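Biologist: Got a minute to walk me through this one? I'd like the fold first, then the odd spots.

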Amino acid sequence: KILSVDEKITIKNKIFKNCIKVVGEGNTSYNAGPPLGDINIAIENTDWYAPGVGLVKTVRSEKSDSETMGNILTVRTYE
């Protein structure tokens with residue numbers, strides 16, 4: 001889903017204006033085997049695209065219903 005078309009992103013002192021912010025959400029599961037069984041994971045991915053450049057930043061969040069897997073947050077920026 002496109003959430004915004006006028007985001008401002010700063011990466012290493014470079015400013016990208018009028019970026020498009022796109023968010024995707026989904027769910028998956030992973031079978032870790034006995035004794036844990038199925039682990040459910042909610043995923044949210046947010047991307048920012050700069051005009052004339054393309055993808056400049058991605059943030060991915062993975063939240064599981066298991067203490068063993070925990071939560072993962074990945075942030076990537078592109079130069």
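**Strands, turns and a tryptophan**

Modeller: Start at Trp48: its bridge partner in S4 is Lys57. Keep in mind that this is a predicted model.

Biologist: What else does Lys57 do around Trp48?

Modeller: Lys57 lies over the face of Trp48, at 5.2 Å from the ring centre. The cut-off for a charge over a ring is 6 Å from the ring centre to NZ of Lys, and within 35 degrees of the ring normal, so this pair counts.

Biologist: Which residues does Trp48 touch, leaving out those up to four places away in sequence?

Modeller: Glu7, Ile9, Ile20, Lys21, Gly54, Leu55, Val56, Lys57 and Val59.

Biologist: And which residues make up the largest nonpolar core?

Modeller: There are 8 residues in all: Ile9, Ile11, Phe16, Cys19, Trp48, Ala50, Val56 and Val59. Trp48 is therefore a buried residue, as membership of a nonpolar core requires under 20% relative accessible area.

Biologist: Which strands supply at least two residues each to that core?

Modeller: S1, S2, S3 and S4. As a general point, nonpolar side chains tend to be buried together in soluble globular proteins.

Biologist: How many aromatic pairs turn up in the whole structure?

Modeller: The search finds 0.

Biologist: OK, back to the fold. In what order do the strands of the sheet run?

Modeller: S1-S2-S3-S4-S5, in an open sheet of 5 strands. The pairing is antiparallel.

Biologist: Which are the edge strands?

Modeller: S1, residues 2-11, and S5, residues 71-77. Each pairs on one side only.

Biologist: By how many degrees are neighbouring strands turned against each other?

Modeller: 25° on average, with direction ignored.

Biologist: Take the pairings one by one. How many bridges join S1 to S2?

Modeller: 6, and the two strands run antiparallel. Ser4 stands opposite Lys21 in S2.

Biologist: How many bridges join S2 to S3?

Modeller: 12, again antiparallel. One facing pair there is Ser29 with Asn40 in S3.

Biologist: And how many join S3 to S4?

Modeller: 10. S3 covers residues 38-50 and S4 covers 54-64. Besides the tryptophan pair, Ala42 has Lys63 as its bridge partner in S4. Glu44 is partnered by Ser61 in S4.

Biologist: Last pairing. How many bridges are there between S4 and S5?

Modeller: 7, in the antiparallel sense. Thr58 stands opposite Arg76 in S5.

Biologist: Now the turns. How many residues sit between S3 and S4 in their hairpin?

Modeller: 3. Gly52 is in that turn, with a positive phi of about 75°.

Biologist: What about the hairpin of S4 and S5, how many residues between them?

Modeller: 6. The turn holds Gly70, whose phi is positive at about 70°.

Biologist: And between S2 and S3, how many?

Modeller: Also a hairpin, with 6 residues between the strands. Gly33 in the turn has a positive phi of about 80°.

Biologist: Where is the cis peptide bond?

Modeller: It joins Pro34 and Pro35, with omega about 0°. Pro35 is in the loop between S2 and S3. In general, most peptide bonds are trans.

Biologist: One hairpin left. How many residues lie between S1 and S2?

Modeller: 2. Lys12 is in the turn and has a positive phi of about 50°.

Biologist: What is phi at Asn13?

Modeller: Near 65°, another positive value in a residue other than glycine. Asn13 lies in the loop between S1 and S2. Most residues other than glycine have a negative phi.

Biologist: Is Lys12 buried or exposed?

Modeller: Lys12 is exposed, because its relative accessibility is 65% and the cut-off is over 50%.

Biologist: And Asn13, buried or exposed?

Modeller: Exposed too, with a relative accessible area of 77%.

Biologist: Good. Give me a recap.

Modeller: The sheet is open, with 5 strands and antiparallel pairing. Trp48 belongs to the largest nonpolar core, and Lys57 lies over the face of Trp48. For backbone checks, look at the cis bond between Pro34 and Pro35, then at the positive phi values of Lys12 and Asn13.

Note on methods: Residues are numbered from 1 along each chain as its sequence is written. Side-chain values use heavy atoms; hydrogens and water are left out. Two strands pair if DSSP finds at least two bridges between them. Helices (H or I, at least four residues) and strands (E, at least two) are DSSP runs, numbered from the N terminus. Axes are lines fitted to C-alpha atoms, for helices over the stretch in contact, and angles run from 0 to 180 degrees between N-to-C directions. A nonpolar core is a set of buried Ala, Val, Leu, Ile, Met, Phe, Trp, Tyr and Cys residues joined through side-chain atoms within 4.5 Å. Buried means under 20% relative accessible area, exposed over 50%, partly exposed in between (1.4 Å probe, protein chains only). Contact means heavy atoms within 4.5 Å. Rings of Phe, Tyr and Trp (its six-membered ring) pair if their centres lie within 6.5 Å; planes under 30 degrees apart count as stacked, over 60 as edge-to-face and the rest as tilted.
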